[in-house]
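Let's walk through this structure together, starting from one residue and working outward. Have the sequence and the 3D view ready side by side.

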Amino acid sequence: MIWNSALNSTNQNLPSPVAGTGIFDPSTTEQYKAISSYWQEVDESSGGTDHAPVGDLYSNTDISEKFSTVGNPVTTFVWQQQPKIDIKMTVPDIDFGTVNNVSQVAPRKNSMVVGFDNNNNPAGPVTLTLAVSLAAPLTSDDGLNTMNNVLIYREAGKSDQILDTDPYQIYSGSLPNGPSSIDWDKDQGILLNLANDKHIVSGHYSTTLNWTLINSI
């Protein structure tokens, strides 16, 4: 079922999608069917098509409320035909504060928590892997000095891993529906080992971490 908001702004006769119902399209011999009770915005501007939409999901009620007044943009909706991946991730800022002893691994000042919000539809747990890498070495504020090989990832039962520009997998597992998180205590996760660089110049250093999330449903 394909519906264009310009054809019926009141939506009074809008049929409800039913999972498993076939979608007739005379322009193709391919077989399509609804997989849920939701409509999905095609969102042509982002590359969506009638049978590969990329926009948000809407119930009949959502659409009725959205187009209950005049003046809304012309929008094309179709019955949802493939899983909608909607996973949000929040990553922490990591702070080591002032470090005076360069002969040992320095813990973070804060906890390390990566948060997730799994709103995939159809709902269900997803398998994911999470990796982290450095965008660049730790660099002083004036840009004149760097610290190399000092950021490490530590996990119980494994050898410390020096972080660099290649993604290093730090988690593999199942992500449940809704909000969840992966947590590390102050002695695990990303830590600072200044002993790995023998030519450190005192100063304030920073860098950017790249987080890579790969999931499947």
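In which loop is Gln-80 found? In this predicted model, Gln-80 is in the loop between strand E6 (76–79) and strand E7 (87–90). Gln-80 has 0% relative accessibility, so this loop residue counts as buried. To see what surrounds Gln-80, set aside residues up to four places away in sequence: Gln-80 then touches Lys-33, Ala-34, Ile-35, Ser-36, Tyr-38, Trp-39, Gln-40, Leu-57, Asn-121 and Pro-122.

Now zoom out to the whole chain. The chain has 1 helix and 19 strands. Its radius of gyration is 25 Å, whereas the globule rule gives 17 Å for 217 residues; the value is well over the rule, so the chain is more spread out than a compact globule. You can see this picture in the C-alpha trace too, which spans about 70 × 40 × 30 Å along its principal axes. Of the 217 residues, 34% count as buried. The exposed area of the chain is about 12,400 Å², with carbon and sulfur atoms supplying 49% of it. As for contacts, take those between residues at least 6 apart in sequence: 73% of them join residues at least 24 apart.

Next, look at the nonpolar interior. The largest nonpolar core has 27 residues, and the members that touch the most others are Ile-170, Ile-190, Leu-192 and Trp-211. Two or more residues of this core come from each of strand E9 (112–118), strand E10 (126–134), strand E13 (151–154), strand E15 (168–175), strand E16 (178–184), strand E17 (189–193) and strand E19 (209–216). E10 gives the largest share, with 5 residues. Try selecting Trp-211: leaving aside neighbours within four places in sequence, Trp-211 is in contact with Met-89, Val-91, Pro-92, Met-112, Val-114, Leu-130, Ala-131, Val-132, Ile-170 and Ile-190. Apart from this core lies another, of 9 residues, including Leu-14, Ile-23, Ala-34 and Phe-67. Ala-34 may look familiar, as it is one of the residues that Gln-80 touches.

Finally, here is a sheet to trace. Three strands form an open sheet in the order E12-E11-E18, and their pairing is antiparallel. At the edges are strand E12 (146–147) and strand E18 (205–206), each pairing on one side only. Strand E11 (residues 138–140) pairs with E18 over 2 bridges, in the antiparallel sense. To find this pairing in the viewer, look for Thr-139, which stands opposite Ser-206 in E18.

Key
Residues numbered from 1 in each chain as written. Predicted model: local features only at pLDDT ≥ 70, side-chain atom pairs only at ≥ 80, totals over all residues. Heavy atoms only, no water. Pairing = 2+ DSSP bridges. Helix = DSSP H or I, 4+ residues; strand = E, 2+ residues; numbered from the N terminus. Core = buried A, V, L, I, M, F, W, Y, C linked by side-chain atoms within 4.5 Å. Buried < 20%, exposed > 50% of the residue type's maximum accessible area, 1.4 Å probe, protein only. Contact = heavy atoms within 4.5 Å. Rg over C-alpha atoms; globule rule 2.2 N^0.38 Å. Areas by Shrake-Rupley, 256 points an atom, 1.4 Å probe, with all protein chains shown as cover.
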